[in-house]
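Me: I should like to work through a structure by question and answer. Please give the reasoning before each result.

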There are 2 protein chains.
Amino acid sequence: MRRERDKIKVIPLGGVNEIGKNLTVIEYKNDIIVIDCGLKFPDEEMLGIDLVIPDISYLVKNKEKVKGIFLTHGHEDHIGALPYVLKELNVPVYGTKLTLGILETKLKEHNLLDSVKLICVKAKDVIKLENSSVEFIRTSHSIADSVAIAIHTPLGIVLHTGDFKIDYTPIDGCVADLTRFAELGRKGVILMLADSTNVERPGYTMSESTVGETFQDIFSKAKGRIIVATFASHVHRIQQVISAAEKYGRKVAFSGRSMENIVEVAKELGYINAADGVFIDIDSINKYPDDKIVIITTGSQGEPMSALSRMAASEHKKVKIVPGDMVIISATPIPGNEKLVSRVINQLFKKGAEVIYESLADVHVSGHACQEELKLMHTLVKPKFFMPVHGEYRHLKQHADLAIKLGMPPNNIILADIGDVIEVNRQFIRKNGVVTSGQVFVDGLGVGDVGNIVLRDRKHLSQDGILTVVVTIEKESGMVIAGPDIISRGFVYVRESEDLMEEAKNIVKDVLKECEEKHITEWATIKSNIKDSLRIFLYERTKRKPMILPIIMEI
Amino acid sequence: MRRERDKIKVIPLGGVNEIGKNLTVIEYKNDIIVIDCGLKFPDEEMLGIDLVIPDISYLVKNKEKVKGIFLTHGHEDHIGALPYVLKELNVPVYGTKLTLGILETKLKEHNLLDSVKLICVKAKDVIKLENSSVEFIRTSHSIADSVAIAIHTPLGIVLHTGDFKIDYTPIDGCVADLTRFAELGRKGVILMLADSTNVERPGYTMSESTVGETFQDIFSKAKGRIIVATFASHVHRIQQVISAAEKYGRKVAFSGRSMENIVEVAKELGYINAADGVFIDIDSINKYPDDKIVIITTGSQGEPMSALSRMAASEHKKVKIVPGDMVIISATPIPGNEKLVSRVINQLFKKGAEVIYESLADVHVSGHACQEELKLMHTLVKPKFFMPVHGEYRHLKQHADLAIKLGMPPNNIILADIGDVIEVNRQFIRKNGVVTSGQVFVDGLGVGDVGNIVLRDRKHLSQDGILTVVVTIEKESGMVIAGPDIISRGFVYVRESEDLMEEAKNIVKDVLKECEEKHITEWATIKSNIKDSLRIFLYERTKRKPMILPIIMEI
C-alpha cells in the first residue's frame, strides 16, 4: 500500500518552452539526480548579457540529496552552466570520456578543476544510488559519445533520451543502442522525456556519413585552399574533413580558440585521428601550396569575433582570404543567426572566395531526430507517460500530438513549464506545485547582479539614448548657483542640434524658476517636474523618448 | 560617330548588396529616370532607428533633369521612402492604380497628397520624355499590379524587371507579358537589371493559386474561427482568403491598421471583391458563431505591435484567442524575424489555438523568381549586358553565375555597389566613378540627424549602461565643494552593489585629490583621469565597460 503513494518527482529547471539551458531534476526518495546543466545564449532583448543559466535555488536548498549531475553529452546547452553551478553546488559530475574532456577545459578556465569530482562513465554503465540507479545508453548526436539516461526505481524506469538522432552509419560505428531501448520498454518505462527539437520535420535526419560523401566530392574538385567552418565540438564532422584531406593529400590546420581547445582534447582522447604529419600549425600554412591545405575553423554561426568572421573581414592575423579559396560552411544558422551568417558569406564572396553552404550543397545534417525517428523511439520504449522536452512550446505541443497519433492517451502526456513539479507513479502523472526557478544572467564577472530593471534601462538607453541634466543648488536659499547643464549621449548628433539643446536648457530653467517661486524644495518633485517637462518637449520636437536623468547637487 | 561616345548611365542608390531600399537611377542625356524609391527596415545594430532610406543627394543636385519616379509596385521597399524623398525632390510619380492607391494613404499621413503629382499608368503605357521613353510591362509578384520597366533610348533598351515571378495561373488572370519581353529581346535590350532575391532556389516558384487550394482545404475542415495573418499589401492572398470564406459561408473582418488601410484602398479600386454582406466590422465578430468567422490580420512577421502579436499576448482589444481558434500564418519569416514569429506561434499554441504555418502546410509561396524563371527571363530578353539587382552580394554573384551558365560572357556582367556610376552603350559596360550615396536614418521626426556616433553610443549604452559622475568645483580655488556623486543606469542593480559604487566614489575622490595636489586644473584632463581610473577599476571588478560620463560643474 505504501508504494501506492510513492512517487517520482520530475522538475525541469530549464530546457522546456525554450531551446537551451537544459537541466532536469529527477527525485526519488532521498535521491536527487540532475540530468545536464546547460547554458543558453541571450536573446536580443537581453542587452549586454553574456550567458543565461538556470536558477538552481531548489538544488541548493536540497543539497544533501543531490547525488550528482549526470551529463548526456558535451554541448554548451548541456554542460555550459557547470562552471557557475558547481561553485554553489559541489557534487560529483558523471559523463562519458569526451564530455568530461570538454568540461575539463572549461573548469580549468574557471580554476575549478581541482575542486570538482568528475566520474568518467561509458555506455551500459550503471551507477547505484541510495534508492535508485542511473544507467547510460548509447545514442547518436552531433557530438561524439552522447548517451541517454535511464533511472531505475522501484516504481519503474524514467528514461531521458537526451538529444538524439538515429544514425545507422555513424562515423564511430557506435549506433544508438536500440536493443537496450527495446529491453527497457519491455521492462516498463513509466515516463519518457524525449528531445523535441526537430519534431516539425517529417521523415528522417540523414546520416552524418552523407556529409562525408559531399566533402569527398568537393575535395576531389577543389583547386585552391579549402576552409571548413563547423562547430568545434562536432568531432565526427571534423574527422570527416580530416579524412577527406588525407585522401586528397592535404594538410590540416585549425583556427579559433574553442576549435583548438576541443580538437586538442579530442586528439588526446582518440576521437580525432590522422596519419603522422597531417596536422600542421596554422602558422605553417603558407609553406605549402594552396591545393595542399585545409583549414578547419570556428565561425559557422557568423559569430562576430570568430575566426571565420575575422577572415571574412580581413582581420585574421594568419589567414587572408584570396580568390580561389573555397569556404565550406558546414552548419545551419541557428534561428537568430541568419543575418550574421549571411554577412560573412557576402564578405567571403566579395573577396573572391567560393562559398558553399547548406542551401547549395549537403554540407550539414542535423543532430536531432525527425518525426520518423521519434516514432521509432516511442515505439521501442512504449512509455506509460510522456513528457516532451528540449523545445519551445510549439515543439513540445507537436511532440505531444505525435505521441497521441501513436496511440498514447492525451492524459498521459504532460507539457511542463520550467519549475513545475511533476509527480509520477504507476497510477498517475500530475503537476503538483512549483519550485523557485528561472533564468540567471551572467554579465562579465557578475552572476545574477543584472536583473530586469537593469535590462529595461539598457533597452531604453539603446533606443533613444540619455539626457543628463545637472544643476547645483544652494541648500539654504534653494537658489540655483550652477547649471543647468545638459549632456546627451545616443540621442542626437549634438553639433547639428545646438538649438534643440539650448531650448531644452531653457525648459529646465523655467521649471527651476517655477519651483523656486512655488517654494518647492523637495528634490524628488523638482526632478520629476524636470523630467516631465523635458519629456513632453523632446517628444513633440523629435518623437523620441530618451532617458532623462536629472541630478541635483547641493552645496 | 557621336553616338559611339553616347552612353546611358545607371546608378543604383539602393537595392544592391542589400535587401531593401530599392532605387535605381537611369540617365540618358537630359533625362534622369528614377525607378522605385524604397525604404529598408533597420538592422539590429541600428539601435532605435525607425527606417532607413537612400541618400538622394545626387538626385537633388541634378533636380532639373529628373523627369519622374517610376514605380514597379507598391511594396515598402519600393515606395516607402517617397514621403521623405518627395519633400526634397518634388517630381512626378508614375505608378499603376494599386501602387498609387497605397502610396496615397502614405502621402496623406505625411500631409503631402496635395503637393505631389501622381500619374496613373497601366501595363503597355509608354511615357515619352525628352530623349527617351518609359514603358510599363505586366509582371507577377506578391502584390497586384506590378510591372517591369523598359527604357527606350537611341542606344537600345534598358530593361528593369522589378520584383517578379512567372505565375501562369495568377489570381487576377494577368500573366506576366512574356510576349512583350520576347519582342523587346528581339528589338535589342542592351542592359537588363533583374531581381536576384530567389536566385539560390532551384526550380520554380509555385503559383499563388496553390495557396488558395490549401486555404479551401483548411476551411473545409475548420470548426472554429479562422484567423489568417498575411502581408497587408498582398491583395491576391487576401482575395483568396475571402473567396474561401465565401465558399464556406464565413464572414470576413480585418484587423491591423495597415491591413484596414490597404484593404480599403483595394476594395475601392476593385482589387478585392466579395458578395454583399461578407465583410463585417471587427466589432461585430461576436455576433456570429465561431465557425462563421474569418479574421484577416497583420502580424505575419511577428512584429511586436501588430494585431496578431497583440492577440497572441492577450493585448488585442477586440479579439481574444480561445481554444478552437485556427490561426494560419500565411507568410515566411523574413531573415531576422524568425524568433519573433516563433514567439507568436508559441503564445498562440499555449492559448489552445491550432497554428498552421509554412513548415506545416503550403500556406505561402514566394513572390520572386527561382532559378528556372530567371533563366526564362534571360532567354527571352537576351540582353547584351546584365546587372543583377535586388539582393545581397551572394545573390548578385550567383545571379551572375547563372547568366554565365546561360552563355553570357563574364565581362558583360557588372556587379555594382550603391553609388557606382555604370556607363553602358552598344560597345561596353563599365564603372566610371561614384556619386554621393548611402543610407539615411529616420528616427522619430529626425531624418539624417542620427549618425554613426549616436549609434555607437547607443550600442555602448545598451551593452553595459552608463555611470554619470558629477562634481561641483569652486572656480577660484579649484576645491571640490559638492560631490562626487555617481549615478548609474543599466550597469548593475544598485541596491545589491552599494559597496561597489562606494568604492567607485572613493576612486573618483582620489583622482580629484591627486589633480588638486598636482595643480591640474584643465577640465579635460581631470575628466579623462576620472574616466581612466574608473574604467580600470570597474573592468577589474566586473569585467564590464559601462560608458563613463564625468560632469564638472563650476561655481
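Me: How many bridges join strand E21 of chain B to E22(B)?

Reply: The model is a predicted one. Strand E21 of chain B covers residues 439-443 and runs antiparallel to E22(B). Within this pairing, B:Asp443 stands opposite B:Gly446. The number of bridges joining E21 to E22(B) is two.

Me: Which strands of chain B stand at the edges of the open sheet, each with a single partner strand?

Reply: The sheet is open and antiparallel, and its three strands follow the order E4-E21-E22 in chain B. Two of these strands have a single partner each, so one side of each is left without a neighbour in the sheet. The edge strands are E4 (51-54) and E22 (446-447).

Me: Which helix of chain B gives the most to the largest nonpolar core?

Reply: The largest nonpolar core has 69 residues, and B:Leu59, B:Ile69, B:Phe219 and B:Ile328 have the most contacts inside it. Domain 1 (2-203 + 366-444) and domain 2 (208-356) of chain B each supply at least three residues to this core. The helix that gives the most, with six residues, spans 235-247 and is H8.

Me: What percentage of the residues in chain A is buried?

Reply: Chain A contains 16 helices and 25 strands. Among its contacts with a separation of 6 or more, 71% link residues 24 or more positions apart. Taking buried as under 20% relative accessible area, the share of the 555 residues in chain A that is buried is 59%.

Key. Residues numbered from 1 in each chain as written. Chains lettered and ligands numbered in written order. Predicted model: local features only at pLDDT ≥ 70, side-chain atom pairs only at ≥ 80, totals over all residues. Heavy atoms only, no water. Core = buried A, V, L, I, M, F, W, Y, C linked by side-chain atoms within 4.5 Å. Buried < 20%, exposed > 50% of the residue type's maximum accessible area, 1.4 Å probe, protein only. Helix = DSSP H or I, 4+ residues; strand = E, 2+ residues; numbered from the N terminus. Domains from an automatic or database assignment. Pairing = 2+ DSSP bridges. Contact = heavy atoms within 4.5 Å.
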